[in-house]
Each structure stands twice: as C-alpha cells, then as structure tokens.
Amino acid sequence: MYMRESFTPESTADGSFTFFSHEFGELFHSHYGARQESFLKFSVPTQLAFAAHKAKVQLLDVCYGLGYNTAAALQTIWEANPKCHVEVIGLEINAAIPQAAIAHHLYDNWGYEYTQILTQLACEHQVVQDGLTANLLIGDARSTIQLVNKSGFKADAIFLDPFSPPQCPQLWTVEFIQQLSLCLDLKGLLATYSCAAAVRTALGNAGLQFGSTPPVGRRTPGTVAAHLGRGEDGDFYEISQVEKEHLLTRAAIPYRDPQLNDSADVILRRRQQEQQDSSLEPTSHWRKRWLSKSLKEIL
C-alpha cells in the first residue's frame, strides 16, 4: 500500500519538473531532464513515429505517474500522423500523483497542446474523444495487468517505468513481466530505463529478446524488448560483451513473485537466498574484471 505524501516540484536540467517520492526514496525522473527522458527512453525506442502510420496505435503505460510518458507518446504519434487513433491504458497505484502534476501546472513549460486530455485522465481516469480512447486503471499493477490481459488488449508499445528494482521489486519479477509479454503485440516493443541483469533475465524468461538503448541522463543504457523473431535488424538487439557476461553472474538471478501478491521484503529475501545458493559467478568478480580491462585501455 502506498503512503500518502505531498508532492513538491523539483526542476530538472531541461526546464521540466519532477517529484520526489518519500516512500521509495527516489525521484520520478533524473535531474538530466524529465521531459527529455519520456521521449528518449520510451517514445523513441518503441518507434512510435513509425507506428503512427498505422490506423490505430495501442499503448500500455506501466506506472503512469506524472503522465509524462503518455504525453510524449501522444505528441510523437500525432506529429507523425494527426489521424492516427490512439488507445492508451495507464496503470498507476496512486491517483494523487497525476493529479498533483496537473495541480502544479507541470505541463505549462512544455508548450503542450494536450494538457486538457491529461487533466481529464488524471481526474476522471477516462477520456473518449475523436482520435483517442484512454483509461487510467488505479490499483496494484500486478492485479490491473491481469484485467488488461483478460480484455484482449495487445500493445504496440509498453512503457515499463516503475521505481528501481531494489526499491520496487514487485514490478520487475519474472511473473509480472510474463504478464506484460502476454499483453505485447507480436510486432510490439517494450521499453524500460533499466539495464539490470535481473530485469533482462526476466525478459528472456518471458520469451522476449532484448537489446540496449542509448544512455539518457546516466552512464548505463536502457533496454528495449520484443517477441522472438520480431526484429529484422539484428543490430537493434545487440548488447555489449560486458553486458553479456553480466547475465552470467548472480546479479542476473531474477526477482520472483509466484502468486503476484508478495510484499517487496518477501521478494527481496527470496532473491537474496537464491543468490546465496547459486553457483554462478559473484557479480563482484565480473565488476573487478571489467574495471581492470577498462583501466588497461586507459593506461
């Protein structure tokens, strides 16, 4: 259950604002630029400008939060094709977050023309108008994603944007990502900011292939994933040798939540025990080896 907390805007480098979550001890976005992150970490990797040339595009925004990722998606799609019909489902546990974003006028400095849509979605949780059908499902995403799957919704793009795995392991588990894979269209793309080995293992276990996306506001890359056989361009799914070896260490042991209802503490302890019992290479050895290689290259 989320805590009730107040949200105070914090500025980021591109002039946009974000919030800090006291519950999770993290910002919703990096200081690099909240607005830029939404485009570069999600809209661009899921190729929405290309998808917009279809008659309809379906989006699943996991952890809707301030609504920035959906906002960037709508702008990207309608700039490419104003006639494209967009269907959006957002999953969010705390309805107060998007409402606070609207109350603090966080879209004012975007020059954003669709703020009324986001205002209605934040307050009424539904928008139905020409070119758009949007629903914001409030509750634990582990439950609401099952409702989405029962509805037969197939996403052209999935944005996976929870707080970090150590802080919010519930939404990075093998079982939750399997639910996402069921919701992803056979030609769809899933994007997330995380390159954690545990997350990538879970993606692989869900039958998805993955690759790295360029770093945005941090040194590490993000991840894009798709169903096996989807990608025609092999380079699109490449990961580096250091990333490949990371997947062979104990860091790659995924988070597990068999019934999709365990607490964060239970999920973390389960993974820690599995890591302790594992015969995989300790992650510290991998880190030391690659640090040594990096130093040799510099020297």
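**Figure 1. Overall view of the predicted model.** Of the 299 residues in the chain, 54% are buried. The coordinates are those of a predicted model. The secondary structure of the chain consists of 11 helices and 12 strands. The radius of gyration is 19 Å, close to the 19 Å given by the globule rule for 299 residues, so the chain is as compact as a globular protein of that length. Along the principal axes, the C-alpha atoms fill a box of roughly 55 × 45 × 45 Å. Of the contacts between residues at least 6 apart in sequence, 69% join residues at least 24 apart. The accessible surface of the chain is about 14,100 Å², and carbon and sulfur atoms contribute 53% of this area. The chain carries 25 positive and 32 negative charges, whose mean positions lie 7 Å apart.

**Figure 2. The annotated span, residues 109-227.** An unreviewed UniProt entry assigns the annotation "domain: MnmC-like methyltransferase" to residues 109-227. In the model, this span is 33% helix and 32% strand. Its end C-alpha atoms are 37 Å apart.

**Figure 3. Surroundings of glycine 33.** Glycine 33 occupies the loop that links strand 4 (26-27) to helix 1 (34-43). Its relative accessibility is 0%, so glycine 33 counts as buried. Beyond its neighbours within four places in sequence, glycine 33 makes contact with Thr12, Ala13, Asp14 and Ser16. Valine 216 is 183 residues away from glycine 33 along the chain, yet the two C-alpha atoms are separated by 9.0 Å.

**Figure 4. Cysteine 63 and threonine 70.** Cysteine 63 lies in the loop between strand 5 (56-62) and helix 3 (68-80). Although cysteine 63 is a residue other than glycine, its phi is positive, near 70°. With a relative accessible area of 19%, under the 20% limit, cysteine 63 is classed as buried. Threonine 70 belongs to helix 3. Threonine 70 is likewise buried, at a relative accessible area of 2%. When residues up to four places away in sequence are set aside, threonine 70 touches Asp61, Tyr64, Val88, Tyr112 and Leu118.

**Figure 5. Packing of helix 4.** In helix 4 (residues 96-103), the buried residues are Ile97, Pro98, Ala100, Ala101 and Ile102. An α-helix has 3.6 residues a turn, so residues three or four places apart point the same way. The buried residues of helix 4 pack against strand 6 (85-92), helix 5 (115-124) and strand 8 (132-138). Histidine 105, just after helix 4, takes a positive phi of about 55°.

**Figure 6. Glutamine 170 and helix 7.** Glutamine 170 is placed in the loop between strand 9 (155-160) and helix 7 (174-183). Its relative accessibility of 18% falls under the 20% limit, so glutamine 170 counts as buried. Apart from residues up to four places away in sequence, glutamine 170 touches Arg142, Phe176, Asp262, Ala264 and Ile267. The C-alpha atom of glutamine 170 is 8.0 Å from that of tyrosine 255, a residue 85 positions away along the chain. Helix 7 is itself mostly covered, with 8 of its 10 residues buried. These buried residues are Val174, Glu175, Phe176, Ile177, Gln179, Leu180, Ser181 and Cys183. Phe176, one of the residues touched by glutamine 170, is thus among the buried residues of helix 7.

**Figure 7. Backbone of leucine 260.** Leucine 260 is located in the loop between helix 9 (241-246) and helix 10 (264-277). Leucine 260 is not a glycine, but has a positive phi of about 55°. At 11% relative accessibility, leucine 260 counts as buried.

**Figure 8. Glycine 222 in strand 12.** Glycine 222 is part of strand 12 (residues 222-227). Its relative accessible area is 6%, so glycine 222 is buried. Outside its neighbours within four places in sequence, glycine 222 is in contact with Thr192, Tyr193, Ser194, Arg200, Gly211, Ser212, Thr213 and Pro214. The C-alpha atoms of glycine 222 and glycine 211 are separated by 8.4 Å, and the two residues are 11 apart along the chain.

Methods. Residues numbered from 1 in each chain as written. Predicted model: local features only at pLDDT ≥ 70, side-chain atom pairs only at ≥ 80, totals over all residues. Heavy atoms only, no water. Helix = DSSP H or I, 4+ residues; strand = E, 2+ residues; numbered from the N terminus. Rg over C-alpha atoms; globule rule 2.2 N^0.38 Å. Buried < 20%, exposed > 50% of the residue type's maximum accessible area, 1.4 Å probe, protein only. Contact = heavy atoms within 4.5 Å. Areas by Shrake-Rupley, 256 points an atom, 1.4 Å probe, with all protein chains shown as cover. Lys, Arg positive; Asp, Glu negative; His and termini not counted. Charge placed at Lys NZ, Arg CZ, Asp CG, Glu CD. UniProt positions renumbered as here; feature names shortened; annotations may be inferred.
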